Structure formats: structure tokens, C-alpha cells
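Reader: Before we turn to particulars, could you show me how to read the helices, the packing and the surface of a model like this one?

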Amino acid sequence: MKKSVRYWLVAGIILVLVQMILGAITRLTGSGLSITKWDIITGTFFPLTDSSWNHYFDLYKSTPQYQKINFGMTLSEFKFIFFWEYFHRLWARLMGFVFLFPFIYFLIKKYLAKKDILNLSFVIILTVFVASLGWIMVASGLINRPWVNAYKLAFHLTAALLVLLMLLKTYIDYNKRPFVVFYNISRNEKISLNILMVLVLLQFFLVG
Ligand code: HEM
């Protein structure tokens with residue numbers, strides 16, 4: 001077991017937890033629809049000039065949310081909602097970097113067992129899926145209705161939770177020794193735990 005892999009897995013878990021909190025703040029502040037385009041590269045740059053702010057604000061003014069809910073919003077109020085959605089997306093990019101490049105490095109260095117590679121490949125695919133769902137959800141709120149589709153939001157939230165659970169499982173699998181208790185449970189206990197986890201995920205989806 002390599003310390004660097006262990007620290008990387010812990011960093012991944014913390015990154016996802018922070019992203020879930022940023023997502024909740026984005027939702028609670030009504031910031032989710034402030035950025036009307038998903039430019040993976042150019043969207044990384046925070047607007048600094050009046051002209052770039054006016055560009056983004058003009059795009060937002062054409063949305064149903066501005067016209068039906070936030071009509072007359074000032075530029076400084078727009079800057080507030082823009083910041084949270086921007087930061088949520090920036091953090092998603094950061095997650096991409098922190099997940100992908102060390103993974104490739106550890107693969108080359110053969111620090112990962114077959115099971116870890118499978119777990120982590122699933123984590124990376126799921127994270128890309130969560131991010132894509134994020135944009136699909138935003139796009140659902142840019143036509144007609146001034147809010148995001150509730151089912152797409154619930155999928156986004158539940159998929160984010162799955163990323164976290166998958167990373168925790170990868171960490172436990174990777175560190176076997178301290179978590180041996182997880183392995184010494186009976187088959188029935190394992191089945192009941194799995195049923196419980198599915199029920200919790202379902203509740204998350206329905207209540208999310
Ligand atoms: C890749 C990692 C990502 C994770 C783990 C993640 C996770 C979350 C979570 C947990 C929430 C809160 C959901 C709730 O309160 O029900 C959220 C909200 C949100 N996320 Fe993400 N997200 C990610 C990426 C993205 C991306 C790339 C976008 C957009 C392109 C996005 C757009 C949003 C929006 C708009 C909201 C607020 C929804 C609303 O206003 O109701 N997310 N995210």
C-alpha cells in the first residue's frame with residue numbers, strides 16, 4: 001500500500017464532499033442558472049472586465065429565470081449568483097485534474113491492483129457522468145421553465161453520492177487491514193447492508 005495513493009484517495013473524498021456542499025450552496029442561493037453556456041476551457045476564466053460581465057449578464061437576461069423571477073436584478077446581484085455557479089463548475093474541473101492525472105501516474109507506476117483500477121475507472125466515469133448531468137440539468141432550466149428539472153437534479157445529486165460511496169469503497173478496499181471488520185461479516189449481514197444502502201440512495205433520489 002502506497003502512502004501517496006492513500007493520500008490521493010483521501011484528497012478525492014474531501015474534494016467530492018466540498019463539491020456537494022458547493023452544489024447545495026448553488027441550489028440554495030438560486031445560482032444554478034446564472035451561467036447559460038458550458039465552455040469547459042474558456043469558462044475557466046473568471047470575468048474581470050465590464051464588457052465580459054455585461055456579456056454574461058446579457059446572456060442571463062434572455063433566460064426564463066431572469067424574465068419570470070429575477071427581472072430588474074442588478075449587476076452586483078448577478079455577480080453573486082454567477083460566483084457560486086462558476087465556483088461549482090471550477091471545482092468540477094479541479095476534481096477532473098486531481099482524479100485523472102495521478103490515476104494515470106499510479107497506473108504507469110503499477111501501484112494499483114486490478115480491483116483498485118476497476119473501482120477507480122468506475123469513479124472517473126461516474127464523475128464525468130455527474131458533470132455531464134450537471135450541464136443537462138442547467139440546460140433544462142434555460143427553456144420555458146425558470147428552474148431546473150427536478151428529476152435531473154435528483155439524478156445529479158444521487159450520482160454525486162454514488163461517486164462519494166465508490167471512493168469510500170475504493171479507500172476501504174485499498175487499505176484492507178484497518179477495515180477487516182467490513183470483511184468478517186456474514187453473507188446475510190452483507191445482503192441486509194446492501195439493501196439498506198439501496199433504500200438510502202432511493203430516499204436521497206426521491207427527497208433530493
Ligand atoms: C463533477 C462533479 C459534480 C458534483 C459531485 C456535483 C454535485 C452537486 C450537488 C451534490 C448538488 C446539490 C444538489 C441538491 O441540493 O439537490 C449540485 C447542484 C448543482 N450542480 Fe453540480 N456537481 C458537479 C458538477 C456540476 C457541473 C459540471 C455542473 C454544470 C455544468 C453542475 C451544475 C449544478 C447546478 C446548476 C446545481 C444547482 C441546481 C439547482 O439550482 O437546483 N454541477 N451539484
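Author: Helices here are DSSP runs of H or I with at least four residues, numbered from the N terminus. The model is a predicted one, and in it Ile108 has its place in helix 4, which covers residues 75-108.

Reader: Is Ile108 buried or exposed?

Author: The term exposed is kept for a relative accessible area over 50%. Ile108 has 63%, and therefore it counts as exposed. Together with Phe97, Leu100, Phe101, Ile104 and Leu107, Ile108 makes a nonpolar surface patch of about 570 Å².

Reader: Where, then, should I look for nonpolar side chains that are packed away from the surface?

Author: In soluble globular proteins, nonpolar side chains tend to be buried together. In this model the largest nonpolar core has 30 residues, and Leu9, Phe99 and Leu167 are those with the most contacts inside it. Helix 1 (3-28), helix 4, helix 5 (114-140) and helix 6 (150-174) each supply at least two residues of this core, with the largest share, 9 residues, coming from helix 6. A second, separate core of 11 residues includes Trp53, Tyr60, Tyr66 and Ile81.

Reader: Which residues is Leu9 in contact with, leaving aside its neighbours within four places in sequence?

Author: With those neighbours set aside, Leu9 is in contact with Leu120, Leu167, Thr170, Tyr171 and Tyr174.

Reader: And why does His156 count as buried?

Author: Buried means under 20% relative accessible area; His156 is at 14%, so it counts as buried. His156 lies in helix 6, and, leaving aside its neighbours within four places in sequence, it is in contact with His88, Val130, Leu133, Gly134 and Met137.

Conventions:
Residues are numbered from 1 along each chain as its sequence is written. This is a predicted model: local features need pLDDT of at least 70, side-chain atom pairs count only at pLDDT 80 or more; totals for chains, interfaces and linings use all residues. Side-chain values use heavy atoms; hydrogens and water are left out. Patches are made of residues with over 30% relative accessible area and no salt bridge: like charges are joined within 9 Å, nonpolar side chains (Val, Leu, Ile, Met, Phe, Trp, Tyr) within 5 Å. Accessible areas come from the Shrake-Rupley method with a 1.4 Å probe; for residues, only the protein chains shown count as cover. A salt bridge is a side-chain nitrogen of Lys or Arg within 4 Å of a carboxyl oxygen of Asp or Glu. Buried means under 20% relative accessible area, exposed over 50%, partly exposed in between (1.4 Å probe, protein chains only). A nonpolar core is a set of buried Ala, Val, Leu, Ile, Met, Phe, Trp, Tyr and Cys residues joined through side-chain atoms within 4.5 Å. Contact means heavy atoms within 4.5 Å.
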